[in-house]
Amino acid sequence: MGNGIVRYKRDVWGEEVILGVSWDLLWVVAVAVLILLAAHAILMAALANKKMDKPSAEGRRVLRHEIIDRLFHWVMAASIIVLILTGIAPIVGLRIAWLNIHWISGLVLTFIIIFHIIRSLFWQDFKSMILGPRDFGEPFDSAKKPGKYTFEQKGMHWAVTVVVLAVIITGILLFMQIDTPFWDRTNSMPEDQLGLMFLLHGLSTLALVALATTHIYFALRPEKIFYTRSMISGWISEDEMTANHDTSRWSPKEAD
Amino acid sequence: MPDIELYQPTDEENALALANTLGRDGWLLAGGQDTYGWLKDRNKSPAAMIELTQIDAWKGIKEISDGIEIGAVTTLTEITNNPLVQSRYGLLATAAGKVASPQIRNVGTLGGNLVQDTRCWYYRRGLDCYRAGGNICYADSPEGLNREHAIFGASRCVAVSPSDTAPALVALDATMVVAREGGQRLIPAQDFFVGPARDIINMTVLNPGEILTAVRIPNTWANAEFYFEKVADRNVWDFALVSIAAAIKVSGGTIEDARIVCGAVECVPRRLNAVENAVRGQQRSEQLAEQVASIATEGARTLNYNNFKVPLMQNLVKRAIRG
């Protein structure tokens, strides 16, 4: 039973309760995202001759991401990819023992997110990621340059924050319903609450698939690839910095 | 009874074409002893049925170069009474003879006994449990009645394989012959069954469009010393609480090799590798049986009502080793 977004079932008493998200939406999300990204790629290709020259990667280098933040990013990326793949495996009919890999990756993601929250609050420039009124005008005014993070980067960060926290919170509640080396399941959550958890976990997973796909696409775009390089090597060139950022709002130290 | 299209192919080609065309809508029907329960309870309503018992090529028992081949729609009574099976593979003859009742064995087939669905009553009642595509296991809940359920290998679902012949065929190192359009694949019996960690919906690795057509039993374990015992609440017409199938090669009182498999303790026939390793090369004795019995149940995780399966399984292992 379902209405396109939510699947329902009868509980043990014959009452209709939520079962979870309709996984047909996975294909809807996948197709919609791919169409949007393809449209963006075509548009960008059409506008390419109007673009200014790419800033040079040569010359003085400034530090954009410290090694610990780069490690965090890639561990998080790996865990999210594993979570998505193992979560989708049974939906598409792959016979693998996915559940243990799924919850172990979920634990990894949870721990590194806790680490990231603590580090960003006490050791990083948290303000640089805050979205303010000025940021919203940035896409419409080429004279307005961002500080360390662009409007799009901040938007992606906060969207991922909301979605990942939703995945983690619902994931932990579902994790408590299965056997693990840490506890034996009690299997005692009421069916309507369990269904709601599955629904929210599924919806946030779909959002995460869309966000991850979009993020990977932009990370591979030629005009953004230097950001991806900086997530590997840590640096961007001074030329790239001045072309894309307001140095009065972001003054990084020199890269080693 | 809802309307169901009935197809009665008489050869493999037509059966496979139908199975491939109908996919999950085409219910494979042989003896019907699993099927009719589902239909009677209105818990499954297939659009079409493909009856396989008209295909003569899938019936009977014949010798092949390395053992015997049993057609998948051969009845359990034929297997029980077949002189070749009785003389070389008494383990299978005994196991087939323990299935349900004489009436059911007269129509029930080997293929049907192997691919039958689990007997967890929450699932059979039509509840939306994990195995039925839901998100909960009713049997493994605080109030769940789980006397017959798994003590090993549960992953959310705690249902067990109900087949009596499956442990015997795993012990005999049989191979499943699975036909599909464009060819066939051979699957070791041990790999034919699948647990909920890998697939929580299906009990076997069969894909839509595939049909189990025969079982081949190699000579490897022919005429070994066999032991089969099925413990159930009734002597007839009941499913095992625990069963054991053992094939043991003994020479001069020493166990040269052994394959020991338990039924009804896991979603798949449970091969007791640790016990096999422990007895290999040892003198077959009461003392050995006592020593290795507890190895069989290492790692068991019992549910509210099936703690009894641990000592029961240990005792069956003792009896199998004792011979």
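**Exercise 1. Find how many residues lie between E4(B) and E5(B) in their hairpin, then work out how the two strands pair.**

Start with the connection: E4(B) and E5(B) make a hairpin, and 2 residues sit between them. Bear in mind that we're working on a predicted model here. Next, check the pairing. E5(B) covers residues 67–71 and runs antiparallel to E4(B), with 4 bridges joining the two. For a handle on the register, look at Glu63(B), which stands opposite Ile68(B) in E5(B).

**Exercise 2. Place that hairpin in its sheet: what is the strand order, and which strands stand at the edges?**

Step one is the order. The open sheet in chain B has 5 strands, arranged E4-E5-E8-E6-E7, and the pairing is antiparallel. Step two is the edges. E4 (61–64) and E7 (183–188) of chain B each have a single partner strand, so one side of each is left without a neighbour in the sheet. Step three is the twist: ignoring direction, neighbouring strands are turned by 25° against each other on average.

Now zoom in on one pair of this sheet. E6(B), residues 175–180, and E8(B), residues 211–217, are antiparallel and share 5 bridges. Within E8(B), the residue opposite Thr175(B) is Arg216(B). If you're tracing side chains along these strands, a general point helps: in a regular strand they alternate between the two faces of the sheet.

**Exercise 3. Describe the parallel sheet of chain B, again from order to edges to register.**

The order comes to E1-E3-E2, an open sheet of 3 strands with parallel pairing. E1 (5–7) and E2 (26–29) of chain B are at the edges; each has a single partner strand, so one side of each is left without a neighbour in the sheet. From one strand to the next, the twist averages 25°.

For the register, take E2(B) and E3(B), the latter spanning residues 48–51: they pair in the parallel sense over 4 bridges. Leu29(B) stands opposite Glu51(B) in E3(B).

**Exercise 4. Which strands does helix H1(B) lie across, and at what angles?**

Take the parallel sheet to begin with. H1(B) lies across E1, E2 and E3 of chain B and runs at about 160° to E3(B). Then go to the antiparallel sheet. H1(B), residues 12–22, also lies across E6 and E8 of chain B, here at about 130° to E8(B). Put together, H1(B) has contacts with strands of both sheets.

**Exercise 5. Work out the packing of H12(B) against H13(B): what are the angle and the axis separation?**

Geometry comes up front. H12 (residues 286–296) and H13 (residues 309–322) of chain B pack at about 145°, and their axes are 8 Å apart. The crossing is right-handed. As for who touches whom, H12(B) contributes residues including Leu288(B), Val292(B) and Ala293(B), while those from H13(B) include Met313(B), Val317(B) and Ile321(B). Sorted by class, the contact has 8 nonpolar, 2 polar and 4 charged residues.

**Exercise 6. Two non-glycine residues have positive phi: Arg156(B) and Asn223(B). Is each one buried or exposed?**

Arg156(B) has phi near 75°. Arg156(B) belongs to the loop between H8 (121–124) and H9 (165–171) of chain B. Count its surroundings: there are 20 other C-beta atoms within 10 Å, so Arg156(B) is buried, right at the cut-off of 20 or more.

Asn223(B) has phi near 65°. Asn223(B) sits in the loop between E8 and E9 (225–231) of chain B. With 12 C-beta neighbours inside 10 Å, Asn223(B) counts as exposed, as the limit there is 12 or fewer.

**Exercise 7. Does chain B agree or disagree with the radius of gyration of a compact globule? Then set out the figures for each chain.**

For 323 residues, a compact globule would have a radius of gyration near 20 Å; chain B comes to 19 Å, so it agrees. The remaining figures go in a table.

| | Chain B | Chain A |
|---|---|---|
| Helices and strands | 13 and 12 | 8 and 4 |
| C-alpha extent along principal axes | about 60 × 55 × 35 Å | roughly 70 × 40 × 35 Å |
| Buried residues | 50% of 323 | 20% of 256 |

Last step, the contact between the chains: 16 residues come from chain B and 17 residues from chain A. The chain B side divides into 7 nonpolar, 4 polar and 5 charged residues.

Methods
Residues numbered from 1 in each chain as written. Chains lettered and ligands numbered in written order. Predicted model: local features only at pLDDT ≥ 70, side-chain atom pairs only at ≥ 80, totals over all residues. Contact = placed C-beta atoms within 7 Å. Nonpolar A, V, L, I, M, F, W, Y, C, P; charged D, E, K, R; others polar. Pairing = 2+ DSSP bridges. Axes fitted to C-alpha atoms, helices over the stretch in contact; angles between N-to-C directions. Left-handed = near helix turned anticlockwise from the far one by under 90°. Rg over C-alpha atoms; globule rule 2.2 N^0.38 Å.
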